[in-house]
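Hi everyone, thanks for coming. I'd like to walk you through a protein that is probably new to most of you, so let's put it on the screen and take it step by step.

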Amino acid sequence: MANASSDEHAEGQEPRRILLAGPRSFCAGVERAIEIVERALASRGAPVYVRKQIVHNAYVVDDLARRGAVFVEELDEVPDGATVVFSAHGVSPAVRAEAERRGLDVIDGTCPLVSKVHAKARRYAARGDTVVLIGHAGHEEVEGTLGEAPESMVLVETVDQIRELSVPDPERVSYLTQTTLAVDETAEFVDALREKFPLLHEPPSEDICYATTNRQHALNAIVAEADLVLVVGSPNSSNSVRLVELSRRQGTPAHLIDRAGDIDPAWLDGVRTVGLTAGASAPPALVTEVVTALGELGPVTVEEREVTRETTHFELPWVVRGTAEQSTSSLPG
Ligand code: SF4
């Protein structure tokens, strides 16, 4: 826990400043996915199977598992006829087909913004394009999107891969991105695509989602003032990792922490201002926990910088809409 050297930090110091980036923590897609599992548990009873982590956060997954959700890697671990929730990151059509063949009771937790990217993949492939997907190999969202048109899609992870890319018809190329990439880095990829394919078909709107973009803008607004940045999030959370990278690219040391207990008091030596944010899958209560832990290491002042207010909300799937939510959640409201 983060109180190893609290006394030495507490004495004779000006309060340390905590600069909170806003927006931070849960996005609308994550809130929706968690509520779907909660409502499925309330209406169907435990166990409710969930393919992959519902969102990439260890605390959220542990909490739902405690309440009867069973997290599996693949559908062959789900008994015939059982209820299975697809995670916020989406699935490929092959997974949907397999669930149907098995007669599983499917509730789809895919974020609507991921579904939108899937629809674009199908549309661009159907018009004969090679669809370049900018993203990270092995991420569940990328696997699901690539599965929409595997014959027509190619994944690129570096700008060099774009320069070396060979496609059947350079005049018929479009691109998509994973929703949780770094905005500035992705612009370099798109520039490279435009250079390589002058007739590139550009999507009408950004695929990097509003929540990812807002959290990066919010961190950008405080990073220059911070001596250290702490990002609350799990290591497999793409948008959280991007926040750590963004901070380090700008010269401010940064650490990804799942919980307050991950803070090493030595990180705070000589640090007067801590920038604090959280990825879109990290509960707000964990940020509060970090503020409390920093307060135990010495006096603090807390200041919030909100660059925009988020009002996005996604409807629940109709199959769970009428269901009262279980009230046993230890997740923050
Ligand atoms: S980070 Fe963006 S794409 Fe992912 S669940 Fe949240 S809103 Fe949806």
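Let me begin with serine 281. You can find serine 281 in the loop that runs between strand S11, residues 273-278, and helix H11, residues 284-296. Please keep in mind as we go that this is a predicted model.

Is serine 281 buried or exposed? Its relative accessibility is 4%, and buried means under 20%, so serine 281 counts as buried. Setting aside residues up to four places away in sequence, serine 281 touches Phe26, Val30, Val55, His56, Asn57, Val60, Ser237 and Asn239. One of these deserves a closer look: a polar atom of the serine 281 side chain lies 3.2 Å from the backbone oxygen of histidine 56.

Now, what does the record say? In UniProt, an unreviewed entry gives the annotation "binding site" to His56, His89, His139, Ser237, Ser238, Asn239 and Ser281. Of these residues, the lining of the largest cavity includes His56, His89, His139, Ser237, Ser238, Asn239 and Ser281.

Let's move to another residue with that annotation, asparagine 239. Asparagine 239 sits in helix H10, which covers residues 238-249. With a relative accessibility of 8%, asparagine 239 counts as buried. Which residues does asparagine 239 touch, not counting those up to four places away in sequence? They are Thr180, Thr212, Arg215, Gly279, Ala280 and Ser281. So we are back at serine 281, because the two residues touch.

Next, the cysteines. The unreviewed UniProt entry also lists Cys27, Cys111 and Cys209 under "binding site". These cysteines are spread over 183 residues of sequence, yet they cluster in space, and the largest C-alpha distance is 10.4 Å. From this set, the lining of the largest cavity takes in Cys27, Cys111 and Cys209.

Let me show you two of them. Cysteine 111 is in the loop between strand S5 (105-108) and helix H5 (112-126). Its relative accessible area is 11%, so cysteine 111 is buried. Leaving aside neighbours within four places in sequence, cysteine 111 is in contact with Gly29, Ala88 and Phe314. Cysteine 209 is in the loop between helix H8 (183-196) and helix H9 (210-223). Cysteine 209 counts as buried too, at 13% relative accessibility. Its contacts, not counting residues up to four places away in sequence, are Leu113 and Thr179.

Let's step back to the domains. The protein is divided into domain 1 (6-26 + 210-306), domain 2 (28-110) and domain 3 (113-196). Taken over C-alpha atoms, the centres of domain 1 and domain 2 are 31 Å apart. Twelve residues of domain 1 are in contact with eleven residues of domain 2. How much area do domain 1 and domain 2 bury between them? It is about 930 Å², with 56% of it on carbon and sulfur atoms. On the domain 1 side, Phe26, Asn236 and Ser281 lose the most area to domain 2, together 50% of what that side buries. There is serine 281 once more!

One last stop: threonine 277, in strand S11. At 0% relative accessibility, threonine 277 counts as buried. Beyond its neighbours within four places in sequence, threonine 277 is in contact with residues including Ala21, Pro23, Arg24 and Leu219.

That's my tour. Thanks for listening!

Definitions and conventions. Residues are numbered from 1 along each chain as its sequence is written. This is a predicted model: local features need pLDDT of at least 70, side-chain atom pairs count only at pLDDT 80 or more; totals for chains, interfaces and linings use all residues. Side-chain values use heavy atoms; hydrogens and water are left out. UniProt positions are given in the numbering used here, feature names are shortened, and annotations may be inferred rather than shown by experiment. On a 1 Å grid over the protein atoms alone, a cavity is a set of points where a 1.4 Å probe fits but cannot get out, and a pocket is an open set with protein on both sides within 12 Å along at least five of seven lines; lining residues have an atom within 4 Å of a point. Helices (H or I, at least four residues) and strands (E, at least two) are DSSP runs, numbered from the N terminus. Buried means under 20% relative accessible area, exposed over 50%, partly exposed in between (1.4 Å probe, protein chains only). Contact means heavy atoms within 4.5 Å. A polar contact is a pair of N or O atoms within 3.5 Å; within protein, one must be able to donate a hydrogen and the other to accept it, and residues adjacent in sequence count only if both atoms are side-chain atoms. Domain bounds come from an automatic or database domain assignment. Buried area is the accessible area (1.4 Å probe) that two parts lose on being put together, summed over both.
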